[in-house]
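Student: I would like to request a close look at a single part of this structure. Please give the account as one connected description.

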Amino acid sequence: MNERELNNLSENVRKQGLGENTMTDLVYDPATGEFKQVSKNETPGQGEVVTRMTEEGFALRLAA
């Protein structure tokens with residue numbers, strides 16, 4: 001992931017954490033160990049959608 005993609009990813013995670021709607025889902029790919037973004041209507045292929053974790057907050061997700 002290049003710096004521009006990483007900045008875009010972090011900005012979307014920030015927005016989701018603030019409760020703002022974004023048109024992307026955050027997907028964790030265990031094969032690469034990286035996060036990626038996909039359109040909300042797109043099937044992520046390999047990986048797990050973890051957007052709820054950013055929307056609800058990491059601390060809440062870890063405590064659950």
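Student: To begin, is Lys40 buried, partly exposed or exposed, and what is its relative accessible area? Please then describe the strand that holds the salt-bridge partner of Lys40, Asp25.

Tutor: Please note that the model is a predicted one. Lys40 is partly exposed, with a relative accessible area of 32%; this value lies between the limits of 20% for buried and 50% for exposed. Lys40 forms a salt bridge with Asp25, and the closest N and O atoms of the pair are 3.2 Å apart. Because Asp25 belongs to strand E1 and Lys40 to the loop between E2 and E3, the pair ties together parts that are 15 residues apart in sequence. Side chains of opposite charge can pair when their charged atoms come close. A search of the whole structure finds one salt bridge. Asp25, unlike its partly exposed partner, is buried, at a relative accessible area of 13%.

The setting of Asp25 is strand E1, which covers residues 24-29. Five of the six residues of E1 are buried, so the strand is largely enclosed by the rest of the structure. E1 stands in the middle of an open sheet of three strands, whose order is E2-E1-E3 and whose pairing is antiparallel. The edge strands are E2 (34-39) and E3 (48-49), each of which pairs on one side only.

The two pairings of E1 may be taken in turn. With E3, strand E1 pairs in the antiparallel sense over two bridges, and Val27 stands opposite Val49 in E3. With E2, the antiparallel pairing runs over six bridges, and here Leu26 stands opposite Gln37 in E2. E1 and E2 form a hairpin with four residues between the strands, in which Gly33 takes a positive phi near 75°. In a regular strand the side chains alternate between the two faces of the sheet.

The residues Leu26 and Gln37 also lead to the helix. Leaving aside residues up to four places away in sequence, Leu9 touches Met1, Leu26, Phe35 and Gln37. Leu9 is found in helix H1, which spans residues 3-17. Leu9 counts as buried because its relative accessibility is 9%, under the 20% limit. Its C-alpha lies 7.0 Å from that of Gln37, although Leu9 and Gln37 are 28 residues apart in sequence.

In summary, strand E1 pairs with E2 and with E3, its residue Asp25 forms a salt bridge with Lys40, and Leu26 is among the residues that Leu9 touches.

Notes. Residues numbered from 1 in each chain as written. Predicted model: local features only at pLDDT ≥ 70, side-chain atom pairs only at ≥ 80, totals over all residues. Heavy atoms only, no water. Buried < 20%, exposed > 50% of the residue type's maximum accessible area, 1.4 Å probe, protein only. Contact = heavy atoms within 4.5 Å. Pairing = 2+ DSSP bridges. Salt bridge = Lys/Arg side-chain N within 4 Å of Asp/Glu carboxyl O.
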